[in-house]
Amino acid sequence: MRRRRTRTWVNWSGTVRCEPAYCARPVTVEEIQSEVVRVAEEGERLRVIGGGHSFAPLCWTDDNHLSLERFTGIESADLERRRVWVRAGTRLQRLCEALADRGLALENAPDFDQQTLGGALATGTHGSGAAFGNLGSLVTGLRLVCADGSLHSLSAEQDPDLFRAAVVSLGAMGVVTHVELQCVDDYRLELRTQAATLGETLTRIDSFRRDHRNSEFFWFPYTDSVVLRTADVTREQPTRLSPLQRAARRTTDRIVFRGMAEAARRTPHMAEQFGRLATRMVSGRRDVLSARTAYALQRRLRFQQLEFALPVTRLDPVLRSLDRIIKALAFRIHFPIEVRFVAGDDNWLSPHYGRDSACISVPAYPDISYEAYFAPIAELMERNDGRPHWAMLHDLKAEQLRALYPRFDDFRAQRRRCDPRGLFLNPHLAAIFGEDLR
Ligand SMILES: Cc1cc2nc3c(=O)[nH]c(=O)nc-3n(C[C@H](O)[C@H](O)[C@H](O)COP(=O)(O)OP(=O)(O)OC[C@H]3O[C@@H](n4cnc5c(N)ncnc54)[C@H](O)[C@@H]3O)c2cc1C
């Protein structure tokens, strides 16, 4: 196994930096187990890392990292039941390609595909669509290495409590080595973008959520303008864009999401006009894409982000309050706010546990003071029963989280069962779970 001294580790957004003493890159389950046992025997701690895309300091440690970057791919596939066993280090992009090669697809996916499967599951990563849960809702089986090095095979039938805790675990229960996913037959989606007003979108939010297989919208602050994005299954052939059309698309997207944000930063009084123009520039598109390519967007610009999952009924009042908060800020913000829909599920620490959610994501352009921007928004979300996305920035502690998650203490009990000494904790996780880091 490769285990070498590491240099500074930095997450995707640049907010988390650490200097772990070692990073192990195991290639077999036995190597994963022996690394966990070594760390336990040396009385140290270990954080599993995926692609490092989480904004929150989930992966921070100055002890040991363990990466599954050499533990990837589909291990086996049951094509009749459309189920696959996947090694947890597999990136979503590779997973979707490998599924398509077998005539399969994920029923829904996030708008980014560079995460590892293990990392995406651990934080409750999701796409948008009223009928679909987060990625964890596709999991039918898991294998987990606990702090004593033991390997557990889990499912809804086999040790169901540990299973419900381990699917969305923040990497605090152990190392997930393999995941069994329920897939669907491969499909194609017709994607449309359309301009609308925030007012009319909120008025018909129930039909907007239900009339399309996938639906979400982007709201441009200081305006009443939104861009609706919808997707529905089609048998049509995928759209073929000429190289020129593709380049024009890329340029438009760059202008809308980067150029205009930059322009609004330099001329803040124009933020409203830029928002309206951006809405017009990206609306009216129609494309047919394979499931493999339909979901992920290009992300070139680094940003910070906060996201909360709210009961759907709170969406309207919360967005109206958010509008007031943004207008009262001492500075102007430049990025659209994204609203997505996720169905409820049974995984104890899933932000969507037991309720259908509207998820509000608030990104911050790199140069603004995101702490000042996010603080009043986090307060608003907390007052409205918002559950934070585990990968995004938040500072909720055990006491507040207990009130938001009905099975919070059951999760803590299962976590302690797997990890009595806190081998898989760091200060951020210890605060979340109300544990002492001695
Ligand atoms: C540009 C961008 C776009 C995004 N888009 C979306 C989106 O559309 N929807 C959404 O919901 N989120 C989105 N996210 C958040 C992203 O999905 C999460 O941050 C996800 O956790 C990243 O996966 P990763 O592999 O980078 O994991 P990391 O950030 O490296 O790790 C995340 C957590 O997973 C744990 N972990 C990783 N592997 C394992 C394992 N094998 N066993 C146990 N624990 C493990 C780690 O310990 C850590 O706690 C986005 C993030 C970025 C930067």
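Which residue in E12 does Val145 stand opposite? The residue facing Val145 is Val175 in E12. That pair is a good way into this structure, which is a predicted model.

**The five-strand sheet**

Val145 lies in strand E10, which covers residues 139–145 and runs antiparallel to E12, with six bridges joining the two. Both strands belong to an open sheet of five strands, ordered E7-E8-E12-E10-E11 and paired in antiparallel fashion. At its edges stand strand E7 (74–78) and strand E11 (151–154); each has a single partner strand, so one side of each is left without a neighbour in the sheet. From one strand to the next, the twist averages 10 degrees. Helix H1 (residues 29–41) packs on this sheet and touches E10, E11 and E12. The direction of H1 makes about 140 degrees with that of E12.

**Around the ligand**

E12 turns up again at the ligand. Strand E12 (175–182), strand E5 (46–49) and helix H3 (117–122) each supply at least two residues of the shell around the ligand. The largest share comes from H3, with four residues. In total, 32 residues surround the ligand, and the closest are Gly50, Gly118, Gly119, Gly171 and Ala391. By residue type, the shell divides into 15 nonpolar, 14 polar and three charged residues.

**The eight-strand sheet**

Next comes an open sheet of eight strands, whose order is E17-E14-E16-E15-E19-E20-E18-E21, again with antiparallel pairing. Its edge strands are E17 and strand E21 (387–388), each of which pairs on one side only. As a general point, strands of a sheet pair through backbone hydrogen bonds, either parallel or antiparallel.

Three of the pairings can be set side by side, each with an example of residues that face one another.

| Strand pair | Bridges | Direction | Example partners |
|---|---|---|---|
| E14 (residues 188–197) and E16 (residues 225–234) | ten bridges | antiparallel | Thr197 and Ser225 |
| E14 and E17 (residues 286–290) | five bridges | antiparallel | Leu189 and Leu289 |
| E18 (residues 304–311) and E21 | two bridges | antiparallel | Phe308 and Pro388 |

Strand E14 appears in two of these rows: ten bridges join E14 to E16, and five bridges join E14 to E17. With E17, the example is a leucine pair, Leu189 opposite Leu289. At the other edge, the bridge partner of Phe308 is Pro388 in E21.

**A helix pair**

How do H10 and H11 pack, and at what angle? Helix H10 (residues 315–328) and helix H11 (residues 370–383) meet at an angle of about 160 degrees, with their axes 11 Å apart. Because angles over 145 degrees count as roughly antiparallel, H10 is roughly antiparallel to H11. The crossing of H10 past H11 is right-handed.

If you would like to find this contact in the viewer, select Val318, Ser321, Leu322 and Ile325 on the H10 side, and Pro376, Ile377 and Leu380 on the H11 side. The residues of this contact divide into six nonpolar, one polar and no charged.

Note on methods: Residues numbered from 1 in each chain as written. Predicted model: local features only at pLDDT ≥ 70, side-chain atom pairs only at ≥ 80, totals over all residues. Near = placed C-beta within 6 Å. Nonpolar A, V, L, I, M, F, W, Y, C, P; charged D, E, K, R; others polar. Pairing = 2+ DSSP bridges. Axes fitted to C-alpha atoms, helices over the stretch in contact; angles between N-to-C directions. Contact = placed C-beta atoms within 7 Å. Parallel < 35°, antiparallel > 145°, perpendicular 65-115°, else oblique. Left-handed = near helix turned anticlockwise from the far one by under 90°.
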